[in-house]
Amino acid sequence: MKGIADILRAASFAAKKHTDQKRKGNDDQPYINHPLEVANMLVNIGGVSDPDIIVAALLHDTVEDTEATFDEIAEQFGITVAGYVREVTDDKSLPKAERKQKQVEHAPHLSQGAKQIKLGDKISNIRDVTDNPPEGWDLQRRREYVDWGEKVVAGLRGANAELEKVFDETVEKARRRLASAATQS
Ligand code: ZN
């Protein structure tokens with residue numbers, strides 16, 4: 001049975017893997033803030049207590065965005081964790097539009113654990129795109145991002161009511177902010 005020791009080991013592993021990376025946003029946040037935020041939401045909003053899911057939340061972007069491998073994760077954190085990470089990792093050999101479409105299609109077929117990680121991920125990403133948009137993202141692109149996030153989350157419904165509630169509030173706030181930004185410009 002995993003516990004606090006593994007959760008901290010995963011946080012440290014992710015921090016090392018993402019060490020030179022920043023989030024895409026205009027506020028230059030260290031990348032690690034994002035997996036920490038996702039894991040924190042899972043536990044403190046979603047009430048998730050399964051250490052494998054919490055560990056996988058911390059590691060969820062390490063294979064997609066760093067040189068970490070599924071084998072390395074399986075060896076250090078076990079095959080259940082590696083399985084969750086695999087479920088939420090995009091195939092980067094595909095063009096971006098196809099990857100985004102696949103996320104919408106795959107969402108309903110994910111395990112309960114992966115669905116909850118993805119809910120936290122989408123809340124964190126939509127917050128960032130609304131509050132600290134990446135350089136060069138105009139309002140239209142930000143609106144499309146929120147619309148796409150909603151399509152993915154439509155397939156995750158039923159996995160965690162509390163996270164879904166926060167997702168809905170986040171989308172509502174994002175739309176209000178983007179609408180008021182549109183009238184100001
Ligand atoms: Zn992520």
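In the predicted model, D61 has a relative accessibility of 6% and therefore counts as buried, the cut-off being under 20%. This residue is one of the ligands of a zinc ion, which is coordinated by H34 (NE2), H60 (NE2), D61 (OD) and D121 (OD) at 2.1 to 2.2 Å. H34, another of these ligands, is likewise assigned to the buried class because its relative accessibility is 2%.

The angles subtended by the four donor atoms around the zinc ion run from 82 to 177 degrees, and the arrangement is therefore irregular. A tetrahedral assignment would require all angles to lie between 85 and 135 degrees. Along the chain, the donor residues follow the spacing H-x25-H-D-x59-D. H34 belongs to helix α2 (residues 33-44), whereas D61 is located in the loop between α3 (51-59) and α4 (62-65); the pair therefore ties together parts that are 27 residues apart in sequence.

A further buried position is found in helix α8 (residues 112-131), which contains Q116. The relative accessible area of Q116 is 10%, so this residue falls under the 20% limit for burial. Its side chain forms a polar contact with the side chain of N160, at 2.8 Å. When neighbours within four places in sequence are left aside, the residues in contact with Q116 are L42, V48, I53, A159, N160 and L163.

A161, in helix α10 (residues 161-184), lies 45 residues from Q116 in sequence, and the C-alpha atoms of the two residues are 9.9 Å apart in space. In contrast to the buried Q116, A161 is classed as exposed because its relative accessible area is 58%, where over 50% is required.

The packing of helices was examined for one pair. Two packed helices are described by the angle between their axes and by the distance between those axes. For helix α7 (residues 96-106) and helix α9 (residues 139-154), the angle is about 35 degrees and the axes are 8 Å apart. Helix α7 contributes K100, Q103 and V104 to the contact, while Y145, W148, K151 and V152 are supplied by α9. Classified by residue type, the contact of α7 with α9 comprises four nonpolar residues, one polar residue and two charged residues.

Key:
Residues numbered from 1 in each chain as written. Predicted model: local features only at pLDDT ≥ 70, side-chain atom pairs only at ≥ 80, totals over all residues. Heavy atoms only, no water. Axes fitted to C-alpha atoms, helices over the stretch in contact; angles between N-to-C directions. Helix = DSSP H or I, 4+ residues; strand = E, 2+ residues; numbered from the N terminus. Contact = heavy atoms within 4.5 Å. Nonpolar A, V, L, I, M, F, W, Y, C, P; charged D, E, K, R; others polar. Donors = N, O, S within 2.8 Å, 3.2 Å for Na, K, Ca; no water. Tetrahedral: all angles 85-135°; square planar, octahedral: opposite > 155°, others 65-115°. Buried < 20%, exposed > 50% of the residue type's maximum accessible area, 1.4 Å probe, protein only. Polar contact = N/O pair within 3.5 Å; in protein donor to acceptor, adjacent residues only side chain to side chain.
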